[in-house]
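Me: I am new to this one and would like to know where its labels come from. Could you show it to me, and then take my questions in turn?

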Amino acid sequence: MSIPIPGFWTLLRDSRLLAPEQCQRLAADFAKVKGAGEQSNSRTLAEWLVARNVLSRYQTLILCAGRTGPFFYGDYKIYDRVEKGRHAGWFRALHGPTGHPVLLQFLTGEAIHNPTTWAEAVHNTLSACTVQSPHVQRYFEPVDLTTYRFVVSEDLQGVTLDDRLGMGRYPPAEACRLARMAAIGLAQLHQTGRPHGDVRPANLFLDTSVPGHPGDLKVLFEPHVVPGPIDFTQGETPKLVAMADYLAPELMHAGHVPDAVTDVYSLGCTLYHMLSGNPPFAGGTVMQKMSRHASEGIRPLEPLGVPPPLAQLVTYMLAKNPQVRYQSPAIVAEHLAPYIDPAQLYAPAPQPLPTQAAYEHSVQQRQAAIAAAAQPQPAQLGVGPAGSGKPADGIPGVALNTAANAPGPARFVTPAPKKGGINQSHLVLGGLVALGVVVISLLFVVMSMKNDDPKPGPAVAVKTPDQPAQTSLEELKRQAELKKKNEVPVKPVNNLPNQGTNNSGNSTTKPPVIPGKTPTPPAGGQEEGQQIVPDDGQLLWASPTAGTTAVDLKFVPPEGNIFYIVRPAEMLRNPEGSKVLEALGPQFTAGKTAWEEAAGVKLAEIDQLVITMHSNEGKFPRLSYVVHSKDKLNLKDLLMRWGNPTPGKEGDKTIYQGQAYAYYPQVAEDGTKQFVMGEANDIKEVAKADGAPPLLARDMVRLLKSIDGDRHFNLLFNPGYFDSDGDQLFKGTYAKLRQPIKSLLGEELAAGLVSMHFGPAFYLEARLQGQLNKDRQTMVGDFRTRLNQLPDSIEQLLITVDAPAYWKKVHNRYRGMIVDLQSAIRVGVEGDQAVINAYLPGNAAHNLVLGGELLVSSTPGASAGPTTAVGPTAPKGPQTIDEVLALKTKMEFAAQSLEFVMADVVKDAHEIARGSAFGAGGPQEFAIKILGEDLQLDGITRNQTVRDFNKAGTLAEVLTAIVVTANSKKPPDDPDQKLIWVISSDPENPAKKMILITTKAAAAKKKYTVPAVFQKK
């Protein structure tokens, strides 16, 4: 049907695509076109309008069909319909107020007709809108127009990975690049508490919109639904057939909800497909595919030219046992990085469209209004089926109850092995966590104390607000490049590979190093020396803050050895900072309340607070507080809040003596913004010195210059102080931390600085200043060595704690938190300082603090660890490793990795020795170490699966049965039995004896004494 030209103009006016005056003007212009006379028709006119970029081809097709649309849906104007591909049936549109291009997905079925279903869809979509990653499809808002309901996403140009794989397999480096981007995207999706559940090539999108750019990969997902258990009874539907090529075998179990570990398996299948050209178990029915996932080994990748280490990485991703599998996509991303060209690893991201910022600002208030209006009763994100209340095990950010009938904080959950399944090396950061717990805890404990020892309180439930918006890592890199060209300002950044952030709203600017060593800035605070460099997996992370807030120690009394520099108002304004403080429990609340009453100001009113611990002749340290208020304070009001303290003179300065503290305000004509409070003698010294800063040791002065005042928390300390008055900090329940921290800090440390910054990403940094005679590289090497030696004492701490019921879940997950912390840590050198830093998801901060505080506060259970009997009747326990190996035990399990089994053996050794003199006068610990390099030479991995194990006997006999079952299942002395155990010195600490898991060949080369059971008869 061809519509007459006058009728076309009428339809165009009625469609509201153009104003009447525009139509009139265009009609006049068209009439002047050659051939626009009687022979022309509406199709000719439509082509003319398309050529002039007045209408889109889709809009003219609708008009030529005699329809006026509709083209407008709320603020959005549709200009095209996607006809094929992953987004077929979606519509391309422009946001009216800003002109920003988007995609609209119109919902159908229950979401349209059922108010409860729509409310749940709104809830889920608003949660999806918080995911801001360069590697996840971005969603902006749900829109309800009553008749039409849709969700709005970013506009995507390109093809799915599924479409591209039809052209053949990828080279290993490119396959790893794409898989790594998918892993980063999945990790950021999981941080919202949402598993993906359907990771496969059809849901991975290759963005080819930027010519010359290698192309980014984005994870596609449905924002309005949260994946639940898969219904395999629905038959051979096309979608289920396609999904089954990539589904983890445990999803066959009824009610099993997808989680981070099942997503890792699916990503492993996808990577296998990219490397080989086919899914690992292609062909057959759904049930046949799932059966092969559960029982059949994958075809080797090495014959296809895949490097053996990469093939092994894929094997770990596709482990049948979820406990053996990589436990999070973030870990997968880290392991894939070495196989990618550094130039491609951190290729600059495409620049966002100029309209994006205005568009996001425009929809922000609309999202808030929808969130307030919609009050759904949906299943919680990351939980089981609606109404089940069952947490999805292994999804970071899942809310768990820590006390009966009380809501608990969101947990930074990384799936931990169900039984003893953690490598001790993953606990090396426990000392740093413990140190962080101590310093944050003491920050407010000391506020309510004079000379009393800290006494930790019970656990407290913490409410979890929504996570704030995040800025992508690639976007931050792009901004940094533009900053170098003086084109745009750059917001403060952090360079977490899994998540970027906009911190807490600070507007200061700083070009990032992503990631790389940050050169010492030249005088004047300029930082032009920073540059973006390829990440080799070892360089330090760049700072998230600019360091523009001044830090000095004016008005601090003398003899200070520990200095806390805190920004309370900024912390409390930040949701994660508030949760960190709440995670400290009732003791924090009591200390905070008491201190605020004495100080006359609330923490939320304080811009910067300097708390100092001073030498106190062997007693608990004296405390002083320098308060920098955000706003001006009236001195008369302050004096009333202080209880009208008695004024006195120190020279020409006025100080005030209250009941608990003396005060010295710095009075200004336009108001007071600063005062110091503490013991009377200290305040007099400050007044005498007219507020001049105290003298510090040279090494502390060096670190003082390195303090970044923009960070929420800084701790500057003299480590030697812990051997004098500072030893009082480790009394009572904190005594268990004394030795681990002392061991970690070492003897050569002259000064230390620990800082933290909270937000959508959690940044942790430690700077260590060594003695003058200590080479900085040697100091870093020694520190690494101490990290490797620390696990034993931390493991003992975890073993001895018998966690009460109210924090059992946190205790069980705390090991997984340490694993993620360990994977994010970087150690390096800047100037003459050793630097350790790490990025973690934002909710890691309060989880680590809460778990660490509860761990420190808990006392050893009566049955949690070894005890030493007193007197002549003390039971005689094992005094040597040989005696430990003679203890009787029994182990039985269906399938477990070699590494996890050895952890269980160690645990059993301690349990069966409980109540004896184990460790007193004998070996301090019974430990087992797997020498992975020795095993690899014989083609054995530390994750070798031990199956169908059932053995009773001595620990030595059980140990022998384990290595035999894991290797050849032949007699121990058979030449084909390569795997053995020996008693020898720890390769990293020759003074320590332990069990080593090695091979016969390596034992012969290293001259280990091989147990008789493995020697040829």
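Me: How many disulfides does the count come to?

Reply: The count comes to 0 disulfides, where a disulfide is a pair of cysteine sulfur atoms within 2.5 Å. This is a predicted model, in which local features need pLDDT of at least 70 and side-chain atom pairs count only at pLDDT 80 or more, while totals for chains, interfaces and linings use all residues. Residues are numbered from 1 along each chain as its sequence is written, and side-chain values use heavy atoms, with hydrogens and water left out.

Me: Why is Cys64 called buried or exposed?

Reply: Buried means under 20% relative accessible area, exposed over 50%, and partly exposed in between, with a 1.4 Å probe and protein chains only. Cys64 has 6%, so Cys64 is buried. Cys176 has 0% and is therefore buried.

Me: And what makes Asn847 buried?

Reply: Its relative accessibility is 1%, so Asn847 counts as buried. Asn847 is found in helix H28, residues 844-857. Helices are DSSP runs of H or I with at least four residues, strands are runs of E with at least two, and both are numbered from the N terminus.

Me: What does the side chain of Asn847 reach?

Reply: The side chain reaches the backbone oxygen of Asn843 at 2.6 Å. A polar contact is a pair of N or O atoms within 3.5 Å; within protein, one must be able to donate a hydrogen and the other to accept it, and residues adjacent in sequence count only if both atoms are side-chain atoms.

Me: What makes strand S5 mostly covered?

Reply: In S5 (residues 139-144), 5 of its 6 residues are buried.

Me: How do you know that S5 pairs with strand S6?

Reply: Two strands pair if DSSP finds at least two bridges between them. S5 and S6 (residues 149-154) are joined by 5 bridges and run antiparallel, and Val143 has Phe150 in S6 as its bridge partner. The two strands form a hairpin with 4 residues between them, and Thr146 in the turn has a positive phi of about 70°.

Me: Which strands are at the edges of the sheet with the order S23-S26-S25?

Reply: That open sheet has 3 strands and mixed pairing. Strands S23 (928-930) and S25 (979-986) are the edges: each has a single partner strand, so one side of each is left without a neighbour in the sheet. S25 and strand S26 (residues 989-999) run antiparallel, joined by 8 bridges, and Ile980 stands opposite Thr998 in S26.

Me: What is the order of the sheet of 12 strands?

Reply: The order of this open sheet is S13-S14-S15-S16-S12-S11-S10-S17-S18-S19-S21-S20, and the pairing is antiparallel. Its edge strands are S13 (646-650) and S20 (826-830), each pairing on one side only. Strands S10 (residues 560-566) and S17 (residues 713-717) are paired over 5 bridges, with Phe717 as the bridge partner of Ile562.

Me: Which residues of helix H10 meet helix H13?

Reply: Ala260, Val264, Leu267 and Leu271 in H10 meet Pro329, Val332 and Leu336 in H13, where contact means heavy atoms within 4.5 Å.

Me: How many residues of each class does that contact have?

Reply: The contact of H10 with H13 has 7 nonpolar, no polar and no charged residues. Ala, Val, Leu, Ile, Met, Phe, Trp, Tyr, Cys and Pro count as nonpolar, Asp, Glu, Lys and Arg as charged, and the others, Gly among them, as polar.
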